[in-house]
Amino acid sequence: MEDVLAVYARPLDPARPLVVMDEKPLQLLADARPGQPAAPGRPAREDSEYVRHGTCSIFMWAEPLKGWRRADALPTRTRLDWAEQVARLLEEDYPDAEKVVLVMDNLNTHSVASLYKAFPPARAFALAQRLEIHHTPRHGSWLNIAEIELSCMTKQCLGRRIDDIDTLNRELAAWQAQVNADQRQVDWQFTTADARVKLRHLYPQI
């Protein structure tokens, strides 16, 4: 926990940007019957029945100190998916960064081993050398700022049924463009000093 909090306390450094990531599963749903639009004195109506069109995973990447986000929906969330997303992060989003400081949970796909499964050894090694990885502790995913971003995105972008991944990605792209234009930063308030007081029951008694 303190490792992640120390990372969040670092100042903005363009050569070593802090990026957080998380994933969110989502059901693709269609209306079983058309709804009714709003009318004077009557809200819009939606049938309670729906048709399942499978599932997908939304990958959220964010730089909280700069106010940048990227959200992509993929059919799966395998090691190869994560590795391709990391390659895009390093080679397209941050090609000039010396290292990207990456905070994420400790899901089994979130490791350098995934890069070696997806790419030839030389490329996997080059990508890994540009990552400084910090994992949130078990049962401590609340420390991941990307969870906050996913929550905001869900409220602002996913308030209706979406039945296919292409439509979902268009919605995510529109949301991403708007929030990146606003450059809304994250002011993280919880510090290591706070943790040692409020969460002292988690520390060993010496």
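## Close-up views of a predicted model

**View 1. A salt bridge between Asp-93 and Arg-70.** In this predicted model, Asp-93 and Arg-70 form a salt bridge whose closest N and O atoms are 2.8 Å apart. Asp-93 belongs to helix 2 (residues 79-93) and Arg-70 to strand 3 (residues 68-74), so the bridge ties together parts that are 23 residues apart in sequence. Arg-70 is buried, its relative accessible area being 2%. Asp-93 is partly exposed, at 27% relative accessibility. Both residues belong to a network of salt bridges that links Arg-70, Asp-72, Arg-88, Glu-92 and Asp-93. The count for the structure comes to 15 salt bridges.

**View 2. Strand 4 and the strands paired with it.** Strand 4 covers residues 100-104, and 5 of its 5 residues are buried. In a regular strand, side chains alternate between the two faces of the sheet. On one side of strand 4 are Val-100, Leu-102 and Met-104, and on the other are Val-101 and Val-103; all of these are buried, so that both faces are covered. Strand 1 (residues 18-31) runs parallel to strand 4 and is joined to it by 3 bridges. Strand 5 also runs parallel to strand 4, with 5 bridges between the two. Val-103 has a partner in each of these strands: Val-20 is its bridge partner from strand 1, and His-134 stands opposite Val-103 in strand 5.

**View 3. His-134 and its surroundings.** His-134 lies in strand 5, which spans residues 131-135. Its relative accessibility is 9%, under the 20% limit, so His-134 counts as buried. Leaving aside residues up to four places away in sequence, His-134 touches Asp-3, Val-7, Arg-10, Val-101, Leu-102, Val-103 and Met-104. Of these neighbours, Val-101, Leu-102, Val-103 and Met-104 are buried residues of strand 4. The side chain of His-134 also makes a polar contact of 2.7 Å with the side chain of Glu-132.

**View 4. A salt bridge between Glu-132 and Arg-10.** The side chains of Glu-132 and Arg-10 meet in a salt bridge, at 2.9 Å from N to O. Glu-132 is in strand 5, while Arg-10 is in the loop between helix 1 (2-8) and strand 1; the two are 122 residues apart, and the pair links distant parts of the chain. Glu-132 is buried, with a relative accessible area of 17%, whereas Arg-10 is partly exposed at 35%. Each has a link to His-134: Glu-132 through a side-chain polar contact, and Arg-10 as one of the residues that His-134 touches.

**View 5. A salt bridge between Arg-160 and Glu-171.** The side chains of Arg-160 and Glu-171 form a salt bridge with an N to O distance of 2.5 Å. Arg-160 is in the loop between helix 5 and helix 6, and Glu-171 is in helix 6, 11 residues apart. Arg-160 is partly exposed, with a relative accessible area of 44%. Glu-171 is partly exposed too, at 26%.

**View 6. An aromatic pair, Trp-142 and Phe-190.** The structure holds 3 aromatic pairs. In one of them, the ring centres of Trp-142 and Phe-190 are 5.7 Å apart and the planes are at 75°, which means that the pair is edge-to-face. The pair links the loop between strand 5 and helix 5, where Trp-142 lies, to the loop between helix 6 and helix 7, which holds Phe-190; the two residues are 48 apart. Trp-142 is partly exposed, with a relative accessible area of 41%, and Phe-190 is buried at 19%.

**View 7. Arg-123 over the ring of Phe-119.** The charged end of Arg-123 sits over the Phe-119 ring, 4.2 Å from the centre of that ring.

**View 8. Two loop residues with positive phi, His-139 and Gln-183.** Most residues other than glycine have a negative phi. His-139 has a positive value, near 60°, and Gln-183 also has a positive value, near 50°. His-139 is in the loop between strand 5 and helix 5 (145-157) and counts as exposed, at 75% relative accessibility. Gln-183 lies in the loop between helix 6 (165-182) and helix 7 (192-198). Its relative accessibility is 48%, and Gln-183 counts as partly exposed.

Technical notes:
Residues are numbered from 1 along each chain as its sequence is written. This is a predicted model: local features need pLDDT of at least 70, side-chain atom pairs count only at pLDDT 80 or more; totals for chains, interfaces and linings use all residues. Side-chain values use heavy atoms; hydrogens and water are left out. Helices (H or I, at least four residues) and strands (E, at least two) are DSSP runs, numbered from the N terminus. Buried means under 20% relative accessible area, exposed over 50%, partly exposed in between (1.4 Å probe, protein chains only). A polar contact is a pair of N or O atoms within 3.5 Å; within protein, one must be able to donate a hydrogen and the other to accept it, and residues adjacent in sequence count only if both atoms are side-chain atoms. Contact means heavy atoms within 4.5 Å. Rings of Phe, Tyr and Trp (its six-membered ring) pair if their centres lie within 6.5 Å; planes under 30 degrees apart count as stacked, over 60 as edge-to-face and the rest as tilted. A charge sits over a ring if NZ of Lys or CZ of Arg is within 6 Å of the ring centre and within 35 degrees of the ring normal. Two strands pair if DSSP finds at least two bridges between them. A salt bridge is a side-chain nitrogen of Lys or Arg within 4 Å of a carboxyl oxygen of Asp or Glu.
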